[in-house]
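Good morning, everyone. I have one structure to show today, and I'll keep it short. Please take a look.

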Amino acid sequence: MNFQLNDTQKMMRDLARDFATKELAPIAAEIDQEERIPKEIIEKMAEIGFTALNVPEEYGGPGLDTVCKVLVVSELARQCASTAEVIAVHTLVNDIFLKHGTEAQKQKYLTAAVEGKIGAFALTEAGAGSDAAAAKTKAVVDGDDYVINGSKCFISNMGPTEGDYVVVIALTEPEKGVKGMSAIVVDRGTPGFTVGKREEKMGIRGADISELIFEDCRVPRSNLVGKEGEGFKIAMMALDGGRIGMAAQALGICEAAIAASVKYMGERVQFGKPIGKNQGLQWYLADMATRTEAAKALILEAAVAADNGQPLSKLAAMCKYYASENAVWVTNKALQIHGGYGYMRDYPIERMYRDARIVPIYEGTSEVQKMVIAREVMK
Ligand SMILES: Cc1cc2nc3c(=O)[nH]c(=O)nc-3n(C[C@H](O)[C@H](O)[C@H](O)COP(=O)(O)OP(=O)(O)OC[C@H]3O[C@@H](n4cnc5c(N)ncnc54)[C@H](O)[C@@H]3O)c2cc1C
């Protein structure tokens, strides 16, 4: 497989690296501590096309491929995993409209993405996490409307004032189970839709993760995305693409942790020499770098498969599983290399360690990825 980047991909990688270094690196610790990404960051990302990466030119976007998404998300994650998460999830939502939206929905939501409006995707409920098919939120047809009742939890890109629209997976024909689920878009401000508790998290603290509540929330039937009964399928397809984005987030965190470790190993002197002179720590580094390159290769393979329209479930699950577990492992080793200083907030390693910990959980836990991989391997 040829992983040579083309000119556009190189340009996007460099643009993202430049943006992340200049705009995110100086405030990444503040974003973590204040638990908030400044609005100007989202506005600046919209200006340079990051909120519309996968939006085609006809809707005002750059129409970039999945490899570009991987490069941009990983470069953002090197400096600020919270910001990377916003773009990874938002791109997944763009993808839902691209693949399943009506022309009117594309005109509305893809254009909104170009302007810097941010989308969310709501599948998870209190009683339906890994078993997403157990979701209970209902959308009942009433005349020309759906009336939505229920609640979703842990929804990214929705905060007290942040987040503009959400694609909700709800039961339109409950008796049919997953085959009775549909995808419906709901705008912020729709009566009956409220954003509840914003979660206080271990990591990616800048990212908004909230509960969503629907109480007799009425939306026109034209808000249906795709066909009735296809909601679960749409969600699973979206997650295949989304998992590549999350793997890219893990990759960026690893690359940053390795770079910080190399620097620290050269600076920190113990027993009269830099700690990097110790072969034991060099071997940590060798393993961290080897595993991270392997993760990168798997992620790029999945991204190329996505861009070629090839079957994605297995590769997406593999790259998300491997890259996310690796991020936890690599940041743990990086923290060890930093010793006590790594445990302190003066160094970014403790933040990277906390940020990495989410990746094997969201968009399907590692255990769920292994279920997907095993199912595909045994086919
Ligand atoms: C920060 C954050 C952001 C999120 N953003 C979103 C979002 O934007 N939209 C959205 O819809 N959801 C979102 N989620 C939800 C996320 O996808 C779920 O948390 C995740 O799928 C796991 O569900 P759960 O937390 O209910 O864990 P559970 O499903 O209760 O799992 C608990 C444990 O049991 C294991 N387990 C469960 N079933 C099996 C099995 N059959 N075999 C083996 N092990 C099993 C799991 O792997 C896990 O280790 C987010 C979550 C977090 C924490």
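Which domains each give at least three residues to the shell around the ligand? Domain 2 (120-231) and domain 3 (238-377) do. Keep in mind that this is a predicted model.

Let's stay with the ligand. The ligand has 21 residues around it. The closest are Gly-129, Ser-130, Ser-156, Thr-365 and Glu-367. Now the elements. Two or more residues of the shell come from each of β1 (119-122), β3 (145-156) and α12 (366-377). And the chemistry? Nonpolar residues number 12 in this shell. Six others are polar, and three are charged.

Now step back to the whole chain. The assignment splits the protein chain into domain 1 (7-118), domain 2 (120-231) and domain 3 (238-377).

Next, domain 1 and domain 2. Their centres, taken over C-alpha atoms, lie 22 Å apart. The contact uses 25 residues of domain 1. Domain 2 puts in 18 residues.

Which helices supply the domain 1 side? On the side that touches domain 2, α2 (28-34), α5 (81-100) and α6 (103-115) each supply at least two residues. Of the elements on that side, α5 gives the most, with 12 residues. What classes of residue make up that side of domain 1? There are 14 nonpolar residues, six polar and five charged.

So, two places to look at again on the screen. One is the ligand shell, drawing on domain 2 and domain 3. The other is the contact of domain 1 with domain 2, where α5 gives the most to the domain 1 side. Thank you.

Technical notes. Residues are numbered from 1 along each chain as its sequence is written. This is a predicted model: local features need pLDDT of at least 70, side-chain atom pairs count only at pLDDT 80 or more; totals for chains, interfaces and linings use all residues. A residue is near a molecule or strand if its C-beta atom, placed from the backbone, lies within 6 Å of it. Helices (H or I, at least four residues) and strands (E, at least two) are DSSP runs, numbered from the N terminus. Ala, Val, Leu, Ile, Met, Phe, Trp, Tyr, Cys and Pro count as nonpolar, Asp, Glu, Lys and Arg as charged, and the others, Gly among them, as polar. Domain bounds come from an automatic or database domain assignment. Two residues are in contact if their C-beta atoms, placed from the backbone, lie within 7 Å.
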